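User: Could you take a close look at one part of this model for me, the place where the two domains meet? I'd like the contact itself and a bit on the sheet behind it.

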Amino acid sequence: MRVLILGGTAEARALAAALAPEPGIHVVSSLAGRVSNPRLPAGEVHEGGFGGPEGLAAWIHDNAIDSVIDATHPFAARMSASAAEVARRTGVPLLVLRRPGWTEGPGDSWHRVASLDAAAGLLPSLGRKVFLTTGRRSLPVFTAIDGLWFLARSVDPPEPPIPANVRILLARGPYTVEGERELIAEHRLDVLVTKDSGGAMTTAKLVAARELGLPVVMVDRPPLPDGVRLVSTVDAAVGWLGGR
Ligand code: NAP
């Protein structure tokens with residue numbers, strides 16, 4: 001069985017690690033190729049996009065792929081839409097592996113919004129010194145807002161020029177609560193902006209925000225494509241493949 005894992009997440013790497021040693025399964029993981037030094041999964045790796053749904057369908061055909069598991073990040077909506085369209089058109093079995101989102105608990109002060117633009121619109125009413133963790137490509141959505149200062153954390157540097165009201169922090173999770181607390185205190189940050197990525201690697205900022213009383217602007221996930229089969233754990237994805 002030849003399995004394509006659409007990757008770029010810790011879950012995708014865990015799934016590749018679980019499947020690669022299995023006799024009779026050949027795993028190819030694909031990465032978008034945007035991060036300069038990506039953590040590579042076990043097994044074969046394909047780097048770079050496929051060229052939209054047509055390109056993906058052709059690639060799946062040419063590489064004799066039997067099953068596709070979309071284990072991309074919950075905000076990688078174009079890749080997920082592309083995979084769902086190919087599955088609909090060609091009948092290749094598709095499973096979506098998506099970690100659950102985060103849930104607000106006692107002591108949290110979250111403001112859920114539907115988009116990055118909505119997050120930017122809400123920010124001036126919540127704080128002045130912003131801990132921005134929505135990724136380097138989202139920077140322009142926020143930095144034009146008057147009167148705000150940003151500590152923007154990303155894995156790779158954003159495209160220059162970097163506006164004067166932005167300090168870039170290059171880092172890659174997992175993060176610790178103590179480290180997040182120190183960052184918030186050092187820069188006197190008073191509001192946190194994050195996507196609802198879910199997962200354990202980046203929850204420390206939410207715990208630190210709760211402890212320090214910071215409001216959190218939580219950007220909701222884009223909807224999944226219609227009709228896709230969804231699981232939330234690596235074990236369930238392995239089970240689905242086993243059933244096939
Ligand atoms: P996106 O907007 O859905 O994808 C844009 C294009 O990049 C896709 O149409 C596809 O190109 C290519 N692509 C995306 N994921 C790919 C993959 N796993 N393998 C091969 N090509 C891929 O995605 P994005 O938000 O830019 O995210 C890019 C990658 O980073 C994803 O793999 C995702 O898992 C990972 N990631 C994203 C975030 C986030 O916040 N968005 C956070 C952490 C990790 P073609 O149309 O040419 O096939």
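Analyst: Buried area here is the accessible area, taken with a 1.4 Å probe, that two parts lose on being put together, summed over both. Keep in mind that this is a predicted model.

The domain assignment splits the protein into domain 1 (2-100 + 222-243) and domain 2 (110-219), and their C-alpha centres sit 29 Å apart. Put together, domain 1 and domain 2 bury about 970 Å², with 47% of that on carbon and sulfur atoms. On the domain 1 side, Arg 34, Arg 39 and Phe 75 lose the most area to domain 2, together 52% of what that side buries. Counting contacts, twelve residues of domain 1 touch 14 residues of domain 2. As for polar chemistry, seven residue pairs are in polar contact between domain 1 and domain 2, both partners at pLDDT 80 or more, while the rule turns up zero salt bridges across that interface.

Now for the sheet. Six strands make an open, parallel sheet, ordered β6-β11-β10-β7-β8-β9. β6 (110-113) and β9 (166-170) are the edge strands, each pairing on one side only, and the twist averages 20 degrees from one strand to the next. At the β6 end, four bridges join β6 to β11 (residues 216-219) in the parallel sense, with His 111 opposite Val 217 of β11. Helix α7 (residues 204-212) packs on this sheet and touches β6, β7 (129-132), β8 (149-154), β10 (191-195) and β11; the direction of α7 makes about 150 degrees with that of β10.

Notes: Residues numbered from 1 in each chain as written. Predicted model: local features only at pLDDT ≥ 70, side-chain atom pairs only at ≥ 80, totals over all residues. Heavy atoms only, no water. Pairing = 2+ DSSP bridges. Helix = DSSP H or I, 4+ residues; strand = E, 2+ residues; numbered from the N terminus. Axes fitted to C-alpha atoms, helices over the stretch in contact; angles between N-to-C directions. Contact = heavy atoms within 4.5 Å. Domains from an automatic or database assignment. Salt bridge = Lys/Arg side-chain N within 4 Å of Asp/Glu carboxyl O. Polar contact = N/O pair within 3.5 Å; in protein donor to acceptor, adjacent residues only side chain to side chain.
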